[in-house]
Amino acid sequence: MIIYHGSTVPVETPKILQSERKLDFGEGFYTTYNREQAVRWSERVCAKRNTSVRIISEYEFDLELAERELKIIRFGKPDEDWLDFVSANRSGHMTSVPYDIAIGPVADDDVYGTILLYEQGILDKSEAIKRLKVKELFNQILFHTEKSLQYCRYARHKAIGGDV
């Protein structure tokens, strides 16, 4: 399958990066099945870095092989397990469960508002999940370990805006 990463530079050699922000699935290299999601990510990075260059890097990902050889956490929808996992990662309390790859919905800024209300105790878990289920959530694939990056093979990149 083809997966995408949005940035302001081609990423031919993905790396596990530590971020100053706490992210949904923890530290690693984030990709998506959805090209439009990668475009949105590149636009966010573009604004943050004050540049007009947007690049979508494409990778080949053999999910079937990865499922046989790696530890993969998969969330099909924003359910209780997903909410607990994202909340723990975003608050800096990483899971003790070892994993190489995490796959599941993205908690975008709108979704994150619901998560914050849950973390502050304003919403209980069932109300938070109920609100999340009506949102259109895109997917993300996090390569969390160096070993997992062997399954993410660079194919090409394309400039989608700006002066490259």
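Contact here means heavy atoms within 4.5 Å. With that rule in hand, welcome to a tour of a predicted model, in which local features need pLDDT of at least 70, side-chain atom pairs count only at pLDDT 80 or more, and totals for chains, interfaces and linings use all residues. Residues are numbered from 1 along each chain as its sequence is written, and side-chain values use heavy atoms, with hydrogens and water left out.

**Figure 1. The whole chain, before we zoom in.** Among contacts in the chain with a separation of 6 or more, 81% are between residues 24 or more positions apart. The chain holds six helices and seven strands; helices (H or I, at least four residues) and strands (E, at least two) are DSSP runs, numbered from the N terminus. Their order along the sequence is β-β-α-β-α-β-α-β-α-α-β-α-β. Of the 164 residues, 44% count as buried, where buried means under 20% relative accessible area, exposed over 50%, and partly exposed in between (1.4 Å probe, protein chains only). The chain exposes about 8,900 Å², and carbon and sulfur atoms supply 47% of that area. Accessible areas come from the Shrake-Rupley method with a 1.4 Å probe, and for residues only the protein chains shown count as cover.

**Figure 2. The two nonpolar cores.** A nonpolar core is a set of buried Ala, Val, Leu, Ile, Met, Phe, Trp, Tyr and Cys residues joined through side-chain atoms within 4.5 Å. The largest one has 17 residues, and the members that touch the most others are Phe25, Trp82, Leu83 and Phe85. Two elements, α3 (80-90) and α5 (125-133), give two or more residues to this core. Helix α3 gives the most, with four residues. A second, separate core has 16 residues, including Phe29, Ile72, Ile103 and Phe143.

**Figure 3. Helix α3 from end to end.** At the N-terminal end of α3, Asp79 acts as a cap, with a side-chain oxygen 3.3 Å from the backbone nitrogen of Asp81. This is a polar contact: a pair of N or O atoms within 3.5 Å, where within protein one must be able to donate a hydrogen and the other to accept it, and residues adjacent in sequence count only if both atoms are side-chain atoms. Along the helix, the buried residues are Trp82, Leu83, Phe85, Val86, Ser87, Asn89 and Arg90. An α-helix has 3.6 residues a turn, so residues three or four places apart point the same way. Just after α3, Gly92 takes a positive phi of about 90°.

**Figure 4. Strand β5 and its neighbours.** Five of the five residues of strand β5 (residues 101-105) are buried, so the strand is largely enclosed by the rest of the structure. Strand β4 (residues 72-74) runs parallel to β5, and three bridges join them; two strands pair if DSSP finds at least two bridges between them. In this pairing, Arg74 stands opposite Ile103. Strand β6 (residues 139-143) runs antiparallel to β5, joined by five bridges, and here Ile103 stands opposite Ile141. Gln140 also lies in β6 and is buried, at 3% relative accessibility. A polar atom of the Gln140 side chain lies 3.1 Å from the backbone oxygen of Pro105.

**Figure 5. Salt bridges across the sequence.** A salt bridge is a side-chain nitrogen of Lys or Arg within 4 Å of a carboxyl oxygen of Asp or Glu, and by this rule the count comes to five. Glu58 pairs with Arg156, the closest N and O atoms being 2.5 Å apart. The pair links strand β3 (residues 54-61), which holds Glu58, to strand β7 (residues 152-161), which holds Arg156, 98 residues apart. Glu58 counts as buried at 14% relative accessibility, while Arg156 is partly exposed at 41%.

**Figure 6. More charged pairs to inspect.** Arg74 forms a salt bridge with Glu67, the closest N and O atoms being 2.3 Å apart. Both partners are partly exposed, Arg74 at 42% relative accessibility and Glu67 at 41%. Asp84 forms a salt bridge with Lys125, the closest N and O atoms being 2.8 Å apart. Since Asp84 lies in helix α3 and Lys125 in helix α5, the pair ties together parts that are 41 residues apart in sequence. Asp84 is partly exposed at 31% relative accessibility, as is Lys125 at 22%. Glu80, Asp84 and Lys125 are joined into one network by salt bridges that share partners.
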